[in-house]
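I opened this entry to look up how the ligand is held and what state the cysteines are in.

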Amino acid sequence: MKRLQYERPLIQRVNTGILNKFGTRTEFTPFTHIDDVSVKDLLQQYGSPLFVISEKGIREKYHEAVRAFTNRYPKVQFAWSYKTNYINAVCNIFHQEGSWAEVVSGFEYNKALQNGVPGEKIIFNGPDKTDEDIRSAIANKSPLHIDHLDELYRITELAEEAGVKPEVAIRINMDTGIYPMWDRFGFNYENGQAWDAINKIILANKLELVGLHCHIGTFMLSPSAYAVAAGKMADLALGIRNKFKKNIKYLDMGGGFASRNTLKGSYLQGADTSPSFDQFAEAICTALLNAGFLQDELPLLILETGRALVDEAGYLLGSVISNKRLADGRRATILDFGVNVLFTAFWYDHKISPAQEFSHYTEDSVLYGPLCMNIDVVRENCTLPPLRKGDHVVVHTVGAYNMTQWMQFISLRPAVVLIDKDRNAHLIRNRETLNSIEVEEVMPSYLKDFKL
Ligand SMILES: *Cc1c(COP(=O)(O)O)cnc(C)c1O
């Protein structure tokens, strides 16, 4: 018979601010497999820490989102937000599903082109488009979404130079009842800037205004804000039809739907509070269908949903380096990944599970990363069973904004593995190496040698 491991009994101090003794219970269920692939085997083969993405998770979420909108509205198109996760294998899963690309820089634009997305299906957003970016978008017939008047004038000049009338949209910002308002991007609805831009584009007649775009915020928990936004977008489109006898081809409602993560300081778990795709779709589609468009003039509805489609499909696997007691008696556990690779730890209380069996004892712990930096805190407070050096943990809901916002700081960034629908693991990004980091460095010859 296998000898059971001894664990010392523990007297627990009850900290104020913790929900109740059952409140975080689900956080310490052992999580040993991702899509039937063993966490231990993955770490053994690819090293620790390791990002893992579930292809099944992405495709199922995507189908759920598409279903929610196409059940309610006849013309729907998704465009994958590259900055949310632009590992090419991830982008291509979305493109295989029929998603266009949504990019916010020349770098992302070229990534989408290189992935094979046709130019007219790459939506070019963002406030910083260089002349080279604009020329390239015009040549490839990509819809340019104009952010400010300086950009409007520059696109007009470059279009004249090329002798074409490119298709453009303008970004609108507005009061949707959510504060602080996101009014730094695009043209404001309430103060008349939006109409100013519309008049300038249509009357100058050098650019073809085909769409209106908005992106009202991120991690939005309020479907009603989208209803307000859709109403205002429809109002502009109908105003353009009345004034200029011109139909707007598409309304792009941007992204921003919350994923099932838990924001820091929120009382309830994100899985219980984040609205579903159905709730967001109901708010947007009802507002558009009620707005007064003729049936054959309904604009195409574009969605640039990012985090809500990919967050839950991403996992970060890691290992325990050490445990210690803090001065106030709390347990501290040091992990081999920190805020350098888990950027979203600044915003979320991620769900973290041990990856092996354990006894029923639990204790409130602080989880630290490996950096020599006081800010390197993965969780300020987390109820976990005692973890030993070498034990493994799984961080949930990390698919959005970590594999793009991670920092190369102090240590190298980990590998990324994709688990396909048949449970095969594929390496989709190598672990960084000293050479891969230093490839861009240049040493002036007089600094090459030294004597110590
Ligand atoms: C970031 C961004 C998105 C995606 O936002 P999520 O919050 O990840 O859904 C969509 N559109 C634009 C213009 C963006 O900047």
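I looked first for the ligand, and it sits in the largest pocket, where a pocket is, on a 1 Å grid over the protein atoms alone, an open set of points with protein on both sides within 12 Å along at least five of seven lines, and sitting there takes more than half of the molecule's atoms within 2 Å of its grid points. The model is predicted, so local features need pLDDT of at least 70 and side-chain atom pairs pLDDT 80 or more, while totals for chains, interfaces and linings use all residues. Residues are numbered from 1 along each chain as its sequence is written, and side-chain values use heavy atoms, without hydrogens and water.

I then listed the shell: 16 residues surround the ligand, the closest being Lys83, Thr218, Gly256, Glu304 and Tyr401 (a heavy atom within 4 Å).

For polar contacts (N or O pairs within 3.5 Å), I noted that a ligand oxygen lies 2.6 Å from a side-chain N or O atom of Lys83, and that a polar side-chain atom of Tyr401 is 2.6 Å from an oxygen atom of the ligand. The protein covers 95% of the 390 Å² of accessible area that the ligand has on its own (Shrake-Rupley method, 1.4 Å probe).

Turning to the cysteines, I found zero disulfides (sulfur atoms within 2.5 Å); for Cys214, the nearest cysteine sulfur, that of Cys285, is 13 Å away. Cys214 counts as buried because its relative accessibility is 0% (the cut-off is under 20%), and Cys382 is buried at 1%.

Key
Polar contact = N/O pair within 3.5 Å; in protein donor to acceptor, adjacent residues only side chain to side chain. 1 Å grid on protein atoms, 1.4 Å probe; cavity = no way out; pocket = protein on both sides within 12 Å on 5 of 7 lines; lining within 4 Å. Buried < 20%, exposed > 50% of the residue type's maximum accessible area, 1.4 Å probe, protein only.
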